[in-house]
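Hello,

Here is the structure I said I would pass on. My notes on it follow below.

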Amino acid sequence: MQITLQNLTKVFPKRGKKETGDVIAVNDFTFVIPDGKLIGLLGPSGCGKSTTLNLISGLEKPTRGKIYFGEDDVTGLPPESRGVGLVFQNYALYPHLTVLQNILFPLQNLKGAERPTKEQMIQRAEEAAKLVQIEQLMERRPSELSGGQQQRVAIARALVKLPRVLLLDEPLSNLDARLRLQTREEIRRIQRETGITTIFVTHDQEEAMSISDMIVVMKEGVVHQIGAPQDVYDEPKNLFVAQFLGTPPIHVFDGSVRAGSLYLGGTPVLDVPGVADQEVYAAVRPEGFVLNADGPLCCQLSRVEIMGRDTSVVCSHECCTSGTIRAIIPAENRVDQTLPTVRFSLKPNKVFLFDRSTQERIAVSNA
Amino acid sequence: MEQKDFKPWLYLLPALLFLGFFMVYPLVDVLVYSLEEGYNSASQTFFGVGLYNYSYVLHDPYFLQAVKNTFLLVIITVPVSTGIALLISLGLNAIKPLRNLYQTVFFLPYVTNTLAVGLVFMILFKKTAYSDGLVNLLIRWFGGEGVDFIDGPYWAKIFVLCFYTVWVVMPFKILILTSALTSVKQDYYNAARVDATPRWRIFTRITLPMISPMLFYLVVTGFIGAFKAYSDAVALFGTDLNAAGMNTIVGYVYDMLYGDSGGYPSYAAAAALILFAIVLTITCINLLVSRRHVYYD
């Protein structure tokens, strides 16, 4: 099912006298979600991603704009008529019902010709349970399950009615780190097996990048960039997107461009052909630093952290807007820790220039 | 080791002493009285031991009338008051504007004195030399036949007593149920909506189970409270309840001790123990039923 969001806008009216204005939770969101893909809505908390999900599910009514499922305009439809499966952040499993009863619940709501017989219902519930691998837990109550198991039950409950769209609200936020890794693989697998168009919300960029076909980066109700995870990572449209994606985060320097060269603190560090002379923000990915004894960028070395696979060099530079720089270099490179400074050259495709005032990306023509 | 054994008892001592003096001792005493024939509290004498008192009480038409009244009161008021309270709470929960105002209005009877409420009910229902009461006025207005609710037929008197009791016990139930309803997480309702759950099914399969512990609490305390009803009947029908045919079991106990025909602690004790047995039985039944139908987190 292809989902089309057209100029979708949600405004929450201000409440009480203390708030100064209406809150625009989602602002003019237009996006076509291709059929059968896994889409990650990504952004810091309060960016409107959960509201977007609620708009798609029908739990919230949009102020403006349209939502289409395939060719159907569902904008005015209540959630019960949309055929979406929704997994809540806290799972919202009915605590007084067993796992089986929870999964059966949506099926028992079906009416008329759609309503399966009892045997069919149980069969479908068992299939859904098998898909998420909880078939041995059917008689338990939610309180007797671990967080990860509850999560699976919630997914099974959302899938059992064969929804046109599966929506997941922060599906991994209540799980511990190890389970999170495992469960995100699981979500990817289930999505692949069922082929249901799936949208999930997260504030964790790693989570979104690792399993999504496409990610949507939002901030304060505005969509900043949409694209395949690698593309968004490699070609961020603006400073916010660049800073939001990547761990450790990107390093932003106050720089200036003069005669086709990027200057950091009076030193030319990189050729940036085709860029007009101006003050810029230069953002460098941690993996964009290359250890080079003759490199142009000289940083004060504080320490070296060995992580086995690679090494992070913690250092500082007077132009860096964040206090420390964490450069990730392959472990084969050894840093001479006796020296007070360390020198780098920069990988051109890991350095992005942004306009000082608009914070938009400035194209460099070398690529 | 020695110390360990006696310390906990030392800590428990105040509570045990208190409970012993004010709960266990009187209970045992009541049991003893109820088995002593013709016990006289002034002279501390009696002339026999046996079940005579129970037999007397169980054959006393006033007591049987009191039991009948009490059972009717319990059977009618507990479900009716709980049901209406649930309806009102659901309504309160569904509205946003003026909710606090309505909540206050519904809670007002709780802070009003029983006898004052009784007075209002008298004005509503009682026939006097000057008026037939507001309710009769209304009945006549609609072309019905006026009824004397206070001194008239039995069903009318039971109706007034039940109406009064329901009115008095409702506010507390509404208070408990509204808070129980608001404590049900919105996510459950959202999940149910997304799954296209019909409203009635949301109510029976989600709302009711979620508030079942509170409902159960209200039913149990409602049963106990209704079995112990006394002041309500006095407020409506005056102190001579036997004459009005509207006595309750507790009223009977009181009359046997202090009423005009009183001075029979043995009969009072026997009646009190019979009430105790009834309440205990009903509560046990309640508990048994609740095992199947009440969900605790």
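**Sheet, core and chain contact**

Chain A holds an open sheet of six strands with mixed pairing, in the order β6-β7-β8-β3-β9-β10. Please keep in mind that this is a predicted model. The edge strands of the sheet are β6 (84–87) and β10 (222–227) of chain A, each of which pairs on one side only. From one strand to the next, the twist averages 15°.

At the β6 edge, β6(A) runs parallel to β7 (residues 165–169) of chain A, and four bridges join the two. Within this pair, A:Leu86 stands opposite A:Leu167. Helix α1 (residues 49–57) of chain A packs on the sheet, where it touches β3 (38–42), β6, β7, β8 (197–202) and β9 (214–219) of chain A. The direction of α1 makes about 150° with that of β7(A).

A:Leu167 also belongs to the largest nonpolar core, which has 160 residues. A:Leu167, A:Ile103, A:Ala156 and B:Ala271 are the residues with the most contacts inside that core. Helix α7 (residues 154–182) of chain B gives the most to the core, with eleven residues. Leaving aside neighbours within four places in sequence, B:Ala271 is in contact with B:Val57, B:Phe63, B:Ile249, B:Tyr252, B:Val253 and B:Met256.

Between the chains, 15 residues of chain B are in contact with 16 residues of chain A. On the chain B side, the elements that give two or more residues are α8 (186–194) and α9 (199–227). α8(B) gives the most to that side, with six residues. By class, the chain B side has eight nonpolar, five charged and two polar residues.

Regards

Methods:
Residues numbered from 1 in each chain as written. Chains lettered and ligands numbered in written order. Predicted model: local features only at pLDDT ≥ 70, side-chain atom pairs only at ≥ 80, totals over all residues. Core = buried A, V, L, I, M, F, W, Y, C linked by C-beta atoms within 7 Å. Buried ≥ 20, exposed ≤ 12 C-beta atoms within 10 Å, placed from the backbone. Contact = placed C-beta atoms within 7 Å. Nonpolar A, V, L, I, M, F, W, Y, C, P; charged D, E, K, R; others polar. Pairing = 2+ DSSP bridges. Axes fitted to C-alpha atoms, helices over the stretch in contact; angles between N-to-C directions.
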